[in-house]
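Me: Please take a close look at the aromatic side chains of this structure, and at the core they may belong to. I would like one connected account rather than a list.

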Amino acid sequence: MKYRNAPIGHLNFPYRTPALSSGYRRQVFIEFRAPATALEPLADRKYTMTHSDETGDLFVTIGTEYAEDQINSLRDEVRLEWTVLKDMPLLYGEVLIDGQGIGSGSAQTRDAIFKREMPLALQAIYHADQQFFFANPELRDTPVFIHFTSTQPLYNKLYNFGTIGEYDQL
């Protein structure tokens, strides 16, 4: 899936689903944090997606707060939350390209990595919350916007990644 510029059944846990990226298998581990469950709430529902550089495994935490305890010093997490704009649901997210304590890696490199890996991150989030989307099929058409946050105007952009339902294939 290409990014586009935009104006400024039951799960047992830990759940493991294989995903392919860069030629090796990854596992997706899912955690729900109360009061969030597999089916509710929609309001204040937030996703924190992190990964292991050593194993390639992906970790998706679903709650009403971001999983700050899962975020490491590299700050390579994807944050995504449900919001409403003009009475329409919207998934709005953020990744940090530079600043806010990010020391290693150039903004250009981080920008390229996030663009390349965002479809995999969105697939992991979609599959982590597949019971929620099964119970609310109308939400599969929800648009996904990710803000690439940077101190440099060249990389500080908002991207439209299509709809969340486009990421139902692993």
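Reply: In this predicted model, a search of the whole structure finds nine aromatic pairs. One of these joins Phe114 and Phe148, whose ring centres are 6.3 Å apart and whose planes meet at 75 degrees, and because an angle over 60 degrees counts as edge-to-face, the pair is assigned to that class. Phe114 belongs to helix H1, whereas Phe148 belongs to strand E8 (residues 143-149), so the pair ties together parts that are 34 residues apart in sequence. Both Phe114 and Phe148 are buried.

Phe148 also leads to the largest nonpolar core, which has 36 residues and in which Phe148 is listed with Tyr47, Val60, Met118 and Phe161 as having the most contacts inside it. Helix H1, which spans residues 107-128, gives the most to this core, with 10 residues. If neighbours within four places in sequence are left aside, Met118 is in contact with Val78, Val95, Ile146, Phe148 and Phe161, and two of these partners, Phe148 and Phe161, are themselves among the residues with the most contacts inside the core. As a general background, nonpolar side chains in soluble globular proteins tend to be buried together.

Returning to the rings, Trp82, Tyr126, Phe132 and Phe133 form one aromatic cluster. Phe132 has a charged partner as well, since Arg45 lies over the face of Phe132, at 4.2 Å from the ring centre. A further placement of this kind involves Lys46, which lies over the face of Tyr66 at 5.9 Å from the ring centre, a value within the 6 Å cut-off that applies here.

Technical notes: Residues numbered from 1 in each chain as written. Predicted model: local features only at pLDDT ≥ 70, side-chain atom pairs only at ≥ 80, totals over all residues. Heavy atoms only, no water. Core = buried A, V, L, I, M, F, W, Y, C linked by side-chain atoms within 4.5 Å. Buried < 20%, exposed > 50% of the residue type's maximum accessible area, 1.4 Å probe, protein only. Helix = DSSP H or I, 4+ residues; strand = E, 2+ residues; numbered from the N terminus. Contact = heavy atoms within 4.5 Å. Phe/Tyr/Trp six-rings, centres within 6.5 Å; stacked < 30°, edge-to-face > 60°. Lys NZ or Arg CZ within 6 Å of the ring centre and 35° of its normal.
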